[in-house]
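Biologist: I would like to learn how to read the relation between chains, and then the charged pairs. Where should we begin?

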Protein chains: 2
Amino acid sequence: MNDVRTTPAKTTRDGAGDHLALDSQGPPMGEAERADVLRLLGLIAFTELATFTRLAAVATGAPTPAQHLHVVRLAGAALDRQEQILRRISELGGDADAEMLQFTGTFDDYDSRTEPQTWWEGVLKGYVGNGVADDFCRIAVDGLDEQTRALVVEVLDDNRSAELSVAVLGEASEADTVLASRLALWGRRLVGEALGLVQHLLVAHPALGRLVVEGARKHQESAEVDQAWVFSQLTAEHTRRMGRLGLAA
Amino acid sequence: MNDVRTTPAKTTRDGAGDHLALDSQGPPMGEAERADVLRLLGLIAFTELATFTRLAAVATGAPTPAQHLHVVRLAGAALDRQEQILRRISELGGDADAEMLQFTGTFDDYDSRTEPQTWWEGVLKGYVGNGVADDFCRIAVDGLDEQTRALVVEVLDDNRSAELSVAVLGEASEADTVLASRLALWGRRLVGEALGLVQHLLVAHPALGRLVVEGARKHQESAEVDQAWVFSQLTAEHTRRMGRLGLAA
């Protein structure tokens, strides 16, 4: 399951110039590059599958039938996004289900360390965890071919789930300061675990590390950028996101 | 939530001739008739929502990642069917979410009495329960306007879930006679509870009783048909369905 290539793929791609920015009309990607892209898409699809599972579980505890239905629809939307990403994997010649399912178990440790005790904690977990995952992917896709990049950005922009979270959590924590401080604490715990999970993924899948640094360099137009910069970005975005809830990060 | 109309709507409709067979190009339905149709569509949509919830829960216990994914997709398909039915409710001028959500809680008693203890029991529960629900709806829609009937039949024909069940359960019970006899027993328990649930629904929602008898009469081209005939049909179909698994009903 781990990335077993030992050749320094980044060097190869540096020589390939703007291959990465070509859309599907352009020349085909190199094999090493394609394998990296498939790995990232597999992770994104798997993240959507995990989001589906989390939301389907959260739905059963929703306080009202209308909220239940709303969360069920968010779960359905996550599944639609998963299928869109899987279609792109197939278009790129990958084995879609297999690329996704190789990540099976990846989030288990994270999940067991961050089991929500209340409906609110469950909603915040999704908001924080998906936020970090989205930010990571947004950086990583900056290095991808234009068609894949556009698809992923479109998928990530489907932020209905985050909007619901902001509405639900913002209202609740404004009305209840005890809840607000508990959730702020929970948010710090969640982001620590989420960043640990990203670190774990980068070690287990060097392809992801290559892509995210490459994307970050394009994004910043600087060759100085490294993984540490990526983590500082993820932390800054998390702080901004908690601010949207009126909670201290 | 109960049907509060006290006028004998069936008599009214008897006078309306073949109103019921008209498609959307024809004259509008009568108000009483429309209320009955909306009630049935609300129940069908709610059944799909319940199927979604059941499958999403079953998915987490799937023996393999591939089966997990398969069941997740079945859950997504149930949600798609729910949305199709809700769109039809809107087309007919109903408040779609409200028509569905009025059934909230309807299956709780059934569910608590038929909680599956194993993955196999969970799969069989879906097969038996959805089978009875589908058969009931197939009879009831025979009395509806053609466009609604066609939509519902198309939705019910989406039988991927049943096919999976037949494959999974048939194989397992062929290989394990102890499991087979346990599942046969479980199937008898399930159908008893499911028929009890139908009885409960007919009492709580007279609209459903009117539609199913009307549909049955059209189906049989006989005015002699009553609710008892409907239950005998449901039982016969269940027996046939268990036979497809190689299990005695």
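Modeller: Copies are superposed by least squares on the C-alpha atoms of residues with pLDDT of at least 70 in both. This is a predicted model. Here a rotation of 180 degrees, with 0.0 Å of shift along its axis, places chain B on chain A at an RMSD of 0.0 Å. That is the relation of a two-fold axis. The same surface serves both copies, since 100% of the contact residues of chain B recur in chain A.

Biologist: How many salt bridges are there over all chains?

Modeller: A salt bridge is a side-chain nitrogen of Lys or Arg within 4 Å of a carboxyl oxygen of Asp or Glu. By this rule the count is 27 over all chains. One of them pairs R73(A) with E83(B), with the closest N and O atoms 2.7 Å apart. R73(A) lies in helix α3 of chain A and E83(B) in helix α3 of chain B, so the pair joins two chains. R73(A), E83(B) and D97(B) are linked in a network of salt bridges.

Biologist: Is K125(A) buried or exposed?

Modeller: Buried means under 20% relative accessible area. K125(A) has 7%, so this residue counts as buried. K125(A) forms a salt bridge with D111(A), the closest N and O atoms being 2.7 Å apart. The pair links distant parts of the chain, with K125(A) in helix α6 and D111(A) in helix α5, 14 residues apart. D111(A) is partly exposed, at 33%.

Biologist: Which residue forms a salt bridge with R138(B)?

Modeller: The partner is D157(B), the closest N and O atoms being 3.2 Å apart. R138(B) is in helix α6 of chain B and D157(B) in helix α7 of chain B, 19 residues apart. R138(B) counts as partly exposed at 27% relative accessibility, and D157(B) counts as partly exposed at 48%.

Methods: Residues are numbered from 1 along each chain as its sequence is written. Chains are lettered from A and ligands numbered from 1 in the order in which they are written. This is a predicted model: local features need pLDDT of at least 70, side-chain atom pairs count only at pLDDT 80 or more; totals for chains, interfaces and linings use all residues. Side-chain values use heavy atoms; hydrogens and water are left out. Contact means heavy atoms within 4.5 Å. Helices (H or I, at least four residues) and strands (E, at least two) are DSSP runs, numbered from the N terminus. Buried means under 20% relative accessible area, exposed over 50%, partly exposed in between (1.4 Å probe, protein chains only).
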